[in-house]
Amino acid sequence: MSDFQATRCRSHPLSRLNILLNVLLSSGFFLLVVVATGCGSRSVTASVPSQPSAASPDTIESTKRSTDVAPAPSSAPVAGPAPKRSKPSQNLVAEGYTEEGNASWYGVPFHGRRASNGEIYDMYKMTAAHRTLPFDTMVRVTNLNNGKSTTVRITDRGPFVENRIIDLSLAAAREIESVGPGVVPVRVEVLTPGVDVTAGFFTVQVGAFRDQGNAQRLRDRLNLSYSPIFIQQYDSPDGTFYRVRVGKIAGEDAARQYGEQLRQREGVTPIVVRLDEGAPRGGN
């Protein structure tokens, strides 16, 4: 403050108040200017998002693949494309079980009757009868004359003819074009994985008779040397048959050896049959 201003303040008391107010006002203005200036120097730039660039086709496909997984464990449906499934293995044939022989087929009058597994036989379904394969075994049957194949499920027992290995339904026989010939050479391959087709118990059928007395006489003769021996009554569409069966053998190979012994010693025609659980039924 200059001497002139100090003199004015001392000589005029009211002037001191005015000067003080002026100083305060000027200082406040200065502070406002400083604050405003300081805020103005801190520039805030708004972030404006740029437009997304178009994804390449490879990126889109990669993203689709990355979401192509099994759905989460939930009962609610999952939106989007269904997951891709890998192709099933083509090598489904059970190791060690392939057989060749003759195939026949059967329809009327067996159609509508109960099969050996308890089901009602339907000749228009893809099923078959086999003497030793477990029920529900899936097999591929190939006609060796023309190379045509079909897949069937074993539901019945038979055929009880020595030179045949499988009896096809009418539908299956049509698939391999064997209806006309009736009997054709085939190859049978087991498709059901993990099944031991030779395990279990088997018996050997040594005769089938319409006359019950003949069946009993054969049983009595063999009963002197072999046990057990039993007669199975089978009510076929052509009448009642009495089947004489010998033994309860563990394993198909052992049963076949047993059958050959009976052939050589007793002069019978042996047919190895699987012993299924429960009462014997059906067959053809």
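**Exercise 1.** Work out which elements the buried residues of helix 5 (residues 212–222) pack against in this predicted model.

*Solution.* Start with the partners: strand 7 (201–209), strand 8 (229–236), strand 9 (239–250) and helix 6 (252–266). Next, list who sits on the buried side of helix 5: Gly213, Ala215, Leu218 and Leu222. Finally, check how helix 5 begins. There, a side-chain oxygen of Asp211 comes to within 3.2 Å of the backbone nitrogen of Gly213, and Gly213 is one of the buried residues just listed.

**Exercise 2.** Find two cis peptide bonds and place their prolines in the fold.

*Solution.* Take Val108 to Pro109: omega is near 10°, hence cis. Pro109 sits in the loop between strand 1 (98–105) and strand 2 (127–129). Now go to Gly158 and Pro159, where omega is near -5° and the bond is again cis. That proline, Pro159, belongs to the loop between strand 4 (149–156) and strand 5 (166–168).

**Exercise 3.** Asp136 and Glu177 both have positive phi without being glycine; decide whether each is buried, partly exposed or exposed.

*Solution.* Asp136 has phi near 75° and lies in the loop between strand 2 and strand 3 (138–143). Its relative accessibility is 44%, so Asp136 is partly exposed, given that this class runs between the 20% and 50% cut-offs. Glu177, with phi of about 60°, is in the loop between helix 4 (170–175) and strand 6 (184–190). At 48% relative accessibility, Glu177 is partly exposed too.

**Exercise 4.** Sum up the whole chain in terms of elements and burial.

*Solution.* Count the elements: six helices and ten strands. Then add burial: 33% of the 284 residues are buried.

Definitions and conventions:
Residues are numbered from 1 along each chain as its sequence is written. This is a predicted model: local features need pLDDT of at least 70, side-chain atom pairs count only at pLDDT 80 or more; totals for chains, interfaces and linings use all residues. Side-chain values use heavy atoms; hydrogens and water are left out. Buried means under 20% relative accessible area, exposed over 50%, partly exposed in between (1.4 Å probe, protein chains only). Helices (H or I, at least four residues) and strands (E, at least two) are DSSP runs, numbered from the N terminus. Contact means heavy atoms within 4.5 Å. A polar contact is a pair of N or O atoms within 3.5 Å; within protein, one must be able to donate a hydrogen and the other to accept it, and residues adjacent in sequence count only if both atoms are side-chain atoms.
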